[in-house]
Amino acid sequence: MKQILFVVLFAFISINAQRTIHQKKYRYYNADFKEISFLNFKQNEDSELFKTVYYENDSSFIRKLMYKEVFGKLDKKRHHQLKKLYSLRYKIDTTKSWFIRYIDSIPNKEKMPAQSGIAYYNKQKEVIGFVPYGSDSKTPKNDYSKAAYHAHLSSYNDYVHQIEKEISSFGKEKTSELLHFYNKNHGFPEDLLYNFSYFKDDNLILKKSFREAVRNYEVIVIHPDGQFYLSFYGNRNYISFSGRKNITKKLLKKSYFNRKRKQWKRKVKKLQ
């Protein structure tokens with residue numbers, strides 16, 4: 001009897017769960033979080049200005065446009081708070097332009113692989129396979145066919161080398177500074193991070209200042225006058241500032257920054 005009741009209860013819960021999923025509506029939002037029609041959403045989605053983020057809540061499937069890059073200006077109060085906090089707590093020079101890398105989490109040194117490579121996970125987030133970079137063995141489809149996703153993992157030595165490489169490519173500048181802020185440190189030596197200008201984003205002040213929907217911009221450029229630039233750079237552990245075609249560092253030059261800002265604003269205006 002108990003088994004029958006359990007089966008009936010399980011079936012009832014499953015049916016209601018499926019019904020709830022089917023009752024969910026798709027909602028579409030522009031970059032300013034205003035709800036728009038599906039047609040309007042698709043027209044803007046095809047623009048080079050945007051990328052799309054997907055998430056859901058209890059009642060809806062959300063599709064939201066995000067600017068791939070943003071130019072703006074901090075309000076005076078927020079800008080003053082950031083400068084005062086970072087000057088006192090981290091001894092950061094507030095007269096310089098800041099190139100900030102925002103990193104959500106720093107890995108645990110003890111859990112980093114001996115070699116860098118690709119880890120394959122199942123739906124339970126358990127590692128079901130690992131292939132080191134440069135390995136002669138190819139990924140067997142029958143072994144990892146059930147993988148729900150994969151992730152690129154760095155060894156401790158490679159991770160430190162990438163940090164050093166990034167700092168070296170940025171070089172020493174009189175009017176700008178390379179900074180890193182992170183949300184969580186899962187077990188990386190903090191003294192080493194501090195020596196590399198990696199700072200904890202206490203109370204998530206920086207994250208909340210430049211948060212967009214469910215994603216954060218990974219690159220933040222802030223000039224001494226409060227003007228800023230935001231962009232996604234991908235999931236790399238470091239940025240290379242070398243090469244003639246690299247425009248990332250050029251944004252620290254105010255003349256180039258202003259020119260790119262005007263171009264961006266013209267593109268945005270055309271879509272309005």
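## Charges over rings

In this predicted model, the charged end of Lys109 sits over the ring of Tyr156, at 4.5 Å from the ring's centre. A second example involves Lys249, which lies over the face of Phe170. Here the distance to the ring centre is 4.6 Å.

## Rings that meet other rings

Aromatic rings also pair with one another, and the count comes to 20 aromatic pairs. One of them joins Tyr121 and Tyr149: their ring centres are 4.9 Å apart and their planes meet at 5°, so this pair is stacked. The cut-off behind that label is an angle under 30 degrees between the planes. The two partners come from distant parts of the chain, 28 residues apart. Tyr121 belongs to strand E7 (residues 117–121), while Tyr149 belongs to strand E9 (residues 149–153).

How do the two tyrosines fare for exposure: which is buried and which is partly exposed? Tyr121 counts as buried, because its relative accessibility is 13%. Tyr149 has a relative accessible area of 35%, so it is partly exposed.

Ring pairs can also build up a group. Phe50, Tyr67, Phe71, Tyr229, Phe257 and Trp264 are linked in this way into a cluster.

## The two sides of helix H2

Now to helix H2, which spans residues 38–45. Which residues of this helix are buried? They are Phe41, Asn44 and Glu45. Because they cover an arc of only 100° around the axis, they lie on the same side of H2. The face turned away from that buried side carries Leu39 and Gln43, which are exposed.

What covers the buried residues of H2? The cover includes four strands and a helix: E1 (25–29), E2 (35–36), E3 (50–56), E4 (60–67) and helix H8 (254–271).

## A buried valine in strand E8

Val131 has its place in strand E8, which runs over residues 127–132. With a relative accessibility of 13%, Val131 counts as buried, because the cut-off is under 20%. Val131 and Ala119 are 12 residues apart in sequence, and their C-alpha atoms are 6.6 Å apart in space.

## A cavity inside

How many cavities of 30 Å³ or more does a search of the whole structure find? The search finds 1. The largest cavity holds about 40 Å³ of space.

Several kinds of residue line the largest cavity: His79, Lys83, Thr94, Lys96, Trp98, Ile222, His223 and Pro224.

How values were computed: Residues are numbered from 1 along each chain as its sequence is written. This is a predicted model: local features need pLDDT of at least 70, side-chain atom pairs count only at pLDDT 80 or more; totals for chains, interfaces and linings use all residues. Side-chain values use heavy atoms; hydrogens and water are left out. Buried means under 20% relative accessible area, exposed over 50%, partly exposed in between (1.4 Å probe, protein chains only). Helices (H or I, at least four residues) and strands (E, at least two) are DSSP runs, numbered from the N terminus. The arc is that of the directions from the helix axis to the C-beta atoms. Contact means heavy atoms within 4.5 Å. Rings of Phe, Tyr and Trp (its six-membered ring) pair if their centres lie within 6.5 Å; planes under 30 degrees apart count as stacked, over 60 as edge-to-face and the rest as tilted. A charge sits over a ring if NZ of Lys or CZ of Arg is within 6 Å of the ring centre and within 35 degrees of the ring normal. On a 1 Å grid over the protein atoms alone, a cavity is a set of points where a 1.4 Å probe fits but cannot get out, and a pocket is an open set with protein on both sides within 12 Å along at least five of seven lines; lining residues have an atom within 4 Å of a point. Grid points are joined across faces, edges and corners, and a volume is the space filled by probe spheres set on the points.
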